[in-house]
Every structure is written in structure tokens, then in C-alpha cells.
Amino acid sequence: MSGLDQDDPRPASGRPRAGHVPLFRPGQPEGVRPVTLDQKTGREILPSALSLAPFNPARVWESLGGIRPDAAFLAGNGLFAESEQQPAAQIFDMLRTRVLQAMAKHGWTRLAVTSPTAGCGKSLVAANLALALSRLPSCRTVLMDLDLRAPALAGLFGIDAPGALVDFLMGEQPMESQFRRFGRNLALAPNGTPVPRAAEVIQDPEFARALEALRDYLQPDVIVLDTPPALAFDDVLSLAGQVDAVLLVTDGTATTPDEIAQTERLFEGRIPILGVVLNRAQDRALRRSFAQRLRLAGRGRG
């Protein structure tokens, strides 16, 4: 069959891919470089390749379009940008510290945030964790919406016309066309186009190349990936080998111990569970029950 399948995110086989090379915004024009001639041959002496300036990831960060959502708008969506003015942000600062300590112990940088089922608040936790990380001036953080079937991050941050993240993941567009910069050191990769066959995108070789390009050009200290519910789809399992660990978000009013146990068995021997976050916890006895399951870096890859 010729052409492209309607649900297939990949380009037709005969169509060249654009690649993952970032396109920098034009800077200041350079002055006219003086020409040096060899006195014997009369030919121009070209500069040595060793004299070229080394690659600077700060240029890539500066090339990302910046966003500045109103603090009240973010707070209305459950996001806390400033810990001094928003006491709830201090909870995520504590989570940030524990996550960083555990990841540094193992040399990890790529964290997937998921939940057993939908509605546990994983996107809010992923976004607030990324915001907490961005409050560390020396920590470059990337937050990517890999819940490709039901993207939510663009709405939470108020990003209009975020575009299709799959275009970057499949090498069709450079990261500057999709990524947004919040502040100086948080890069957001929102998604505005749901992808029904998300697991196939994640398992495509182009996906691995996209993450590699992201790491090479942005050189982030932490990459936080908002991913689909683990028990609903195989998307998170498809990330095995692409992420270092999983942060499991549970709902204290809805998630059952059996669902947590199922999720733990699903990841056992595939992706280590960095920790379990209990969201919407009201009952003290329930919090104690879930606290027994809270573990940070308590499991290896098996």
C-alpha cells in the first residue's frame, strides 16, 4: 500500500527525515573576518578546526521559545512555581531532594512518572517535581509529556498551540519547534496531538535517537517524563532501557494495595521503582498503610 497509514506517525519510507539537529535562532551578524594570505602561494589561510569554539548547550537553551505563565494561573491548575509564596510547594521541594539524592546514588538522570490507573494526579506530580527541580539554579531540567494518548502538560502550563510532539520524536521537526523554556533552566516538551498508537512510537528507533539528541544538545541534569497509567497501556514498559527509574503516583482515595502490587510486579526486573508518592491522603491509617510501601531507590533492576 502506498503512502502513509492514517494512524501511523512515521513518514513514508521514501521520505527523508529532517533529523534531530536543532535550528538556532539567528544571533548578531558577525563582522567581516580579515583574510590572511600565504605569502608563498597567495592562497587564503583557513583557520584550524581546533580553533573553533567548543559546543555550548546554553545556546540551545536560549534558542527555545520562553513562556511566562501567570503565577495565579499556575496555582489555579495546582502548579507551584515559587516555594516562598506557596507553602504547598515545599512538599515538592522535599520530594525533589529525596529524588535527587536517590538518583545521584545510582547515577540516574531519566525518571518516568506514572500511576497504576488514571486520575491519580501523576501529571501534577511530574509538573510540580520539575518546577521544584528548576528552583535549583544549577539543575537543568527537561519535562516531557509522554502520555501521548492523553497529553495534559500543555493545558496545565497554559501553552497555546503546542504542536505535535511526535514530529520531534520521529525526527520530522527540531526541538526548537516543540520545546518551550520556563525560566532559565526548565525545558518543557508539551504535546497537542494525541497519538493512539503511542507504544509503537516509543519503540521506534527514531524515538531513541530523539532522546539521545535531547541529551546531547540540552545536556540536562534531570529528565522527567510524564507517562500513561502503567496498568492501562504498555507505553511505560516500552520505555525500558530509555529511563533509569519510575516514580509511582497513587491516589489515597482510590488506589488499592492490589493495584500497587500489580504495578510493582509489572516493573519487577524491567525498571526499578524509585519511590511511591501518596496523593490525596486524608486518613492517617491509610497514610501509614501506604507509607509501608514507600521506598526510594529500594530496588535494583533485578
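Let me open with a definition: a salt bridge here is a side-chain nitrogen of Lys or Arg within 4 Å of a carboxyl oxygen of Asp or Glu. Here is a pair that fits: Lys-122 and Asp-226 join their side chains in a salt bridge, with N and O 2.9 Å apart. Lys-122 sits in helix α4 and Asp-226 in strand β6, which covers residues 222-226, so this pair connects distant parts of the chain, 104 residues apart.

Before I go on, please keep in mind that this is a predicted model.

Now, are the two partners of that bridge buried or exposed? Lys-122 is buried, because its relative accessible area is 7% and the cut-off for buried is under 20%. Asp-226 is buried as well, at 0% relative accessibility.

Let me step back and show you the whole chain. There are 302 residues, and 46% of them count as buried. The fold is built with 10 helices and eight strands. Take the contacts between residues at least 6 apart in sequence: 79% of these join residues at least 24 apart. On the outside, the chain exposes about 15600 Å², and carbon and sulfur atoms supply 51% of that area.

Back to the charged pairs. Side chains of opposite charge can pair when their charged atoms come close. How many salt bridges does the count come to? The answer is eight salt bridges.

One of them is between Asp-93 and Arg-135, at 2.7 Å from N to O. Asp-93 belongs to helix α3, residues 89-106, while Arg-135 is in the loop between α4 (122-134) and β3 (141-145). These two are 42 residues apart, and the pair links distant parts of the chain. Both Asp-93 and Arg-135 are buried. They also have company: Asp-93, Arg-96 and Arg-135 are linked in a network of salt bridges.

Another bridge joins Arg-149 to Asp-235, and here the closest N and O atoms are 2.8 Å apart. Arg-149 is in the loop between β3 and α5 (153-157), and Asp-235 is in the loop between β6 and β7 (245-251), so the bridge ties together parts that are 86 residues apart in sequence. The two ends have unlike surroundings: Arg-149 is partly exposed, with a relative accessible area of 24%, whereas Asp-235 is buried, at 0%.

Next, let's look for empty space. Rolling a probe the size of a water molecule over the atoms shows where empty space is left. A search of the whole structure finds one cavity of 30 Å³ or more. The largest cavity holds about 30 Å³ of space. Which residues line the largest cavity? They are Leu-143, Leu-153, Ala-154, Phe-157, Ile-159, Leu-188, Ala-189 and Pro-190. The elements that give two or more residues to this lining are α5 and β5 (186-189), and α5 has the largest share, with three residues. By class, the lining has eight nonpolar residues, no polar ones and no charged ones.

The second largest pocket has another make-up. About 410 Å³ of space lies in this pocket. Its lining has 16 residues, and Ser-134, Phe-182, Gly-183, Arg-184 and Asn-185 are the ones nearest its centre. Helix α1 (57-63) and strand β4 (180-182) are the elements that give two or more residues to the lining, and the largest share, three residues, comes from α1. In classes, the second largest pocket has six nonpolar, four polar and six charged lining residues.

Let me point out one helix too. An α-helix has 3.6 residues a turn, so residues three or four places apart point the same way. With that in mind, have a look at helix α9, residues 257-267, where the buried residues are Glu-259, Ile-260, Ala-261, Thr-263, Glu-264 and Phe-267. After α9 comes Gly-269, which has a positive phi near 80°.

Finally, two residues other than glycine have a backbone angle to look at. Ala-161 has a positive phi, near 45°, and lies in the loop between α5 and α6 (165-169). Ala-161 is exposed, because its relative accessible area of 68% is over 50%. Gln-219 has a positive phi of about 45° too, although Gln-219 is not a glycine. You will find Gln-219 in the loop between α8 (205-218) and β6, where it counts as partly exposed at 39% relative accessibility.

Thanks for listening, everyone!

Notes:
Residues numbered from 1 in each chain as written. Predicted model: local features only at pLDDT ≥ 70, side-chain atom pairs only at ≥ 80, totals over all residues. Heavy atoms only, no water. Helix = DSSP H or I, 4+ residues; strand = E, 2+ residues; numbered from the N terminus. Buried < 20%, exposed > 50% of the residue type's maximum accessible area, 1.4 Å probe, protein only. 1 Å grid on protein atoms, 1.4 Å probe; cavity = no way out; pocket = protein on both sides within 12 Å on 5 of 7 lines; lining within 4 Å. Points joined across faces, edges and corners; volume = space filled by probe spheres on them. Nonpolar A, V, L, I, M, F, W, Y, C, P; charged D, E, K, R; others polar. Contact = heavy atoms within 4.5 Å. Areas by Shrake-Rupley, 256 points an atom, 1.4 Å probe, with all protein chains shown as cover.
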